[in-house]
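Trainee: I'd like to learn how to read pockets and ligand sites in a model. Can we walk through one together?

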Amino acid sequence: MAKKILIATVKPFAAQAVENVKKICSEKGYDLEIMEKYPEQNDLVKAVKSVDALIVRSDKVTKEVIDAAEDLKIVVRAGAGYDNLDCDAASARKIICMNTPGQNSNAVAELAFGMMVFMARGHFNGKPGTELKDKKLGIHAYGNVGRNVSRIAKGFDMEILAFDPFIDQQIMLDDGVKAVKTVEELYNQSDYLSLHIPSIPATQKSINRQLLTIMPQNATLINTARKEVIHEEDLIAVMQERTDLKYASDIAPVKKDELLEKFGTRVYFTPKKMGAQTLEANINAAVAAANQIINYFENGDTTFQVNK
Ligand code: 3PG
């Protein structure tokens with residue numbers, strides 16, 4: 001019997017991305033089911049019952065979902081951050097979890113610059129703003145998105161610094177990026193700070209008073225990573241003390257209304273998380289997810305497994 005792959009996306013992929021996955025599945029003899037914009041988490045719990053493989057975006061693959069998926073062997077998060085997968089629950093059932101690293105990173109990096117320009121130009125209000133040229137850009141975490149940010153920053157003639165204790169500093173130096181030794185050094189120097197850290201227990205609420213207070217005058221923090229890494233209470237307190245500091249995020253904070261009410265145009269939040277929401281990134285990530293699943297079933301390839 002043909003194996004069944006389910007694409008479950010509250011925020012759908014572009015139609016072309018889904019078409020490409022359909023073609024791959026029919027050529028390779030896999031059944032494909034698609035469930036988009038599902039209103040309730042329980043819909044996902046019900047839909048996974050008899051699937052062999054699951055492709056998701058930021059959809060929450062909880063223990064309840066894993067437990068309901070009797071035939072599930074592999075789940076692929078079509079994207080980078082897999083904080084939405086309960087990897088422990090999957091591991092307990094020997095279910096493989098993967099992500100598709102790098103497939104949507106240019107899209108996220110481009111949005112970070114869109115947000116920087118938007119903030120520098122006062123939300124495009126027609127009044128005099130400032131330029132990115134010659135400003136210092138701090139990149140917090142130099143993975144796939146961080147590297148794309150650094151590539152684009154060169155075109156803006158920015159001075160680039162990065163902090164990432166998990167990456168060989170030579171990679172940054174080869175890219176013409178100054179590798180700073182401490183996170184404090186990064187925050188202390190960056191006129192623009194672009195966040196690319198994952199949400200894990202060690203990073204949650206880590207962007208706190210200590211880091212925010214040492215940012216230079218008129219600094220802007222850009223978050224296209226995760227809301228959980230921000231210490232929101234500290235952010236609000238520091239922005240009240242420092243009327244020069246700005247914050248823009250692609251992920252609506254828990255205290256979004258309070259931030260908007262207190263700080264007006266010093267903050268900006270996209271209406272919906274959209275960093276990876278481009279045609280190109282959707283195609284790259286969806287196709288990679290499908291190919292990784294088929295490659296696992298047919299060749300046992302676990303290259304992108306994250307719950308090893
Ligand atoms: C990622 O981790 O890849 C991004 O946050 C994209 O998330 P999305 O697929 O929900 O747009």
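Mentor: Sure, residue classes come up first. Ala, Val, Leu, Ile, Met, Phe, Trp, Tyr, Cys and Pro count as nonpolar, Asp, Glu, Lys and Arg as charged, and the others, Gly among them, as polar. And keep in mind that this is a predicted model.

Trainee: Okay, how do the residues lining the second largest pocket divide by class?

Mentor: There are 14 charged residues in that lining, along with nine nonpolar and six polar. The pocket has a volume of about 710 Å³. Of its 29 lining residues, Ser-58, Asp-59, Lys-60, Asn-84 and Lys-273 lie nearest the centre.

Trainee: Which domains does the lining draw on?

Mentor: Domain 1 (4-103 + 277-299) and domain 2 (105-269) each supply at least three residues to it. The C-alpha centres of these two domains lie 30 Å apart. Where they touch, domain 1 puts in eight residues and domain 2 five.

Trainee: Now the ligand. Which residues are around it?

Mentor: For that, look for residues with a heavy atom within 4 Å of the ligand. Here they are Lys-11, Arg-57, Ser-58, Arg-77, Gly-79, Ala-80, Gly-81, Asn-104, Arg-226, Lys-273 and Ala-276. By class, that shell has five charged, four polar and two nonpolar residues.

Trainee: And what about polar contacts: how far are Arg-57 and Arg-77 from the ligand?

Mentor: The idea is to look for N or O pairs within 3.5 Å. A polar side-chain atom of Arg-57 sits 2.9 Å from a ligand oxygen, and one of Arg-77 is 3.0 Å from a ligand oxygen. Gly-81 uses its backbone instead, with a polar atom 2.8 Å from an oxygen of the ligand.

Trainee: How much of the ligand's accessible area does the protein cover?

Mentor: On its own the ligand has 320 Å² of accessible area, and the protein covers 95% of that.

Conventions:
Residues are numbered from 1 along each chain as its sequence is written. This is a predicted model: local features need pLDDT of at least 70, side-chain atom pairs count only at pLDDT 80 or more; totals for chains, interfaces and linings use all residues. Side-chain values use heavy atoms; hydrogens and water are left out. A polar contact is a pair of N or O atoms within 3.5 Å; within protein, one must be able to donate a hydrogen and the other to accept it, and residues adjacent in sequence count only if both atoms are side-chain atoms. Accessible areas come from the Shrake-Rupley method with a 1.4 Å probe; for residues, only the protein chains shown count as cover. On a 1 Å grid over the protein atoms alone, a cavity is a set of points where a 1.4 Å probe fits but cannot get out, and a pocket is an open set with protein on both sides within 12 Å along at least five of seven lines; lining residues have an atom within 4 Å of a point. Grid points are joined across faces, edges and corners, and a volume is the space filled by probe spheres set on the points. Domain bounds come from an automatic or database domain assignment. Contact means heavy atoms within 4.5 Å.
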